[in-house]
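Colleague: Please take a close look at one exposed position in this model, and then set it against the packing of the interior.

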Amino acid sequence: MSRAEFGNTHGADPADLEKIKKFAQEFGLKVHETGTELARRTVMLSGTVSNLQKAFNVELKEYSHPKGNFRGRVGAISVPADYADIITGVFGLDNRPQAEPHFRRLPPTTGIKAHSATASHDPNEVAQIYDCPAGDGTGQCIGIIELGGGFQLDDLSNYFSSLNINEPQVISVSVDGGTNSPTTPDSADGEVMLDIEVAGAIAPAAKIVVYFAPNTDQGFLDAITTAVHDSTNQPSVISISWGAAESQWTSQALTNFDEAFQAAAAMGVTVCVASGDNGSSDGVNDGNNHVDFPASSSFALGCGGTTLQASNEQIVNETVWNDQPNGGATGGGVSNVFPLPTWQNGFDVPAPTVQGGGRGVPDVSGDADPNTGYNILVDGENEVVGGTSAVAPLWAALVARINQQIGKPIGFLNPLIYAQAVEASGFHDITQGNNGAFSAAAGWDPCTGLGSPDGVPLEAALTGTPAAQATTSARTGRSKRTAA
């Protein structure tokens with residue numbers, strides 16, 4: 001449905017918003033209205049520490065942490081009974097850093113190999129290797145969520161010029177005070193530039209909108225809901241390369257993020273999320289397996305990583321990305337929070353370790369190994385970068401091309417790609433390697449999902465276009481498809 005239809009049907013009740021205003025007045029809090037409260041089901045309040053503590057029955061304290069000082073709370077959040085049924089989450093009392101970017105730089109110690117043509121790839125070259133369908137993303141908008149860092153316009157101009165690709169339109173949107181703030185090449189700028197340059201090299205005619213927000217659960221959620229409900233730019237696909245192990249999130253965050261992705265699915269917005277760079281443990285040192293969130297949401301397309309060796313635009317060998325113990329590895333496994341979706345029935349997803357879980361991660365994969373990574377430009381410096389961060393914008397750009405061809409958003413991909421006909425013809429099945437506790441196997445596996453994209457057959461399977469016709473269109477650049 002359209003964003004307007006969704007807002008009218010599933011947005012917050014105006015009467016509930018008035019109740020929240022009454023609640024704010026009772027506790028001396030200020031309401032900051034933007035006009036998007038009902039569709040996003042979110043209202044911003046501010047006030048003194050004393051009044052906020054009284055309103056939500058908590059104690060706020062300052063904490064010191066190696067990653068930076070933050071404000072935290074003591075006590076469970078509660079609200080008066082009159083408001084309990086309409087408030088599903090309270091975010092912002094705790095503003096600790098929530099997520100990590102999922103990119104990995106190629107260490108400089110590898111020397112000349114870092115710049116070898118056989119080791120690293122330009123993003124548009126990867127698109128050719130994966131046989132992406134014809135198109136350049138015309139008429140599409142790709143939303144990118146960023147929780148730090150920034151981009152420089154000169155870098156973008158120089159980068160796309162070096163690839164002989166038209167520079168895409170890139171604009172930034174500030175959420176909760178987050179801004180486009182580039183600093184140095186070794187900062188989160190590497191994440192931002194990787195996301196923009198991969199997406200832009202594969203779908204250069206798509207408008208790219210980067211939503212900058214603070215790295216908190218509030219900022220992350222607000223960035224997602226802002227992008228999903230952005231009626232001005234109307235992104236048809238969203239790329240997210242940030243996350244953390246499910247165990248690092250509060251239950252209210254898990255629930256509200258998942259609902260935001262469900263809203264995206266209802267409006268035909270595809271959400272591509274990196275599955276993490278720390279293997280089956282997801283960086284949690286407790287001896288157990290963990291998956292990364294928000295990739296583990298059933299309404300997100302979880303994107304895992306491979307090691308891609310290619311020659312003459314053909315895959316020579318592709319395996320699970322795993323450079324551990326000294327490097328990274330693709331995240332993947334089984335959710336302990338979200339149950340097995342119906343569309344994963346019959347795919348031999350391992351049993352969860354916690355009752356109630358079961359959703360297998362990732363769904364798809366693509367080149368993520370820094371040793372076979374992407375040539376990008378960050379703050380004037382050429383770098384080779386990998387990580388599952390690269391796979392989310394890769395898939396987002398592929399979706400933008402598919403959307404361009406069919407004339408409308410393909411939307412929630414997960415049930416479609418697990419259909420047997422699509423699985424058989426739209427993926428390069430990865431059967432070698434492991435990410436620690438899990439190994440690759442024929443069909444879906446907890447390392448690379450269904451596999452890396454075989455673009456033209458995948459588009460044909462998703463759109464019902466005969467494969468031969470799709471192949472001819474891709475090679476000649478003439479589309480014989482009609483809008484579905």
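Modeller: N285 counts as exposed because its relative accessible area is 82%, where exposed means over 50%, buried under 20% and partly exposed in between, with a 1.4 Å probe and protein chains only. The model is a predicted one, in which local features need pLDDT of at least 70 and side-chain atom pairs count only at pLDDT 80 or more, while totals for chains, interfaces and linings use all residues. Residues are numbered from 1 along each chain as its sequence is written, and side-chain values use heavy atoms, with hydrogens and water left out.

Along the chain, N285 belongs to the loop that connects β12 (270–274) with β13 (292–293); strands (E, at least two residues) and helices (H or I, at least four) are DSSP runs numbered from the N terminus. From the C-alpha atom of N285 to that of A441, 156 residues away along the chain, the separation is 26 Å.

Turning to the interior, the largest nonpolar core (buried Ala, Val, Leu, Ile, Met, Phe, Trp, Tyr and Cys residues joined through side-chain atoms within 4.5 Å) has 67 residues, and I142, F151, I196, W395 and I417 are those with the most contacts inside it. Helix α11 (residues 391–406) supplies the largest share of this core, with 11 residues. Another core lies apart from it and has 39 residues, including A99, V175, A213 and A264. As a general tendency, nonpolar side chains in soluble globular proteins tend to be buried together. The exposed N285 thus offers a view of the loop between β12 and β13, whereas both cores are made of buried residues.
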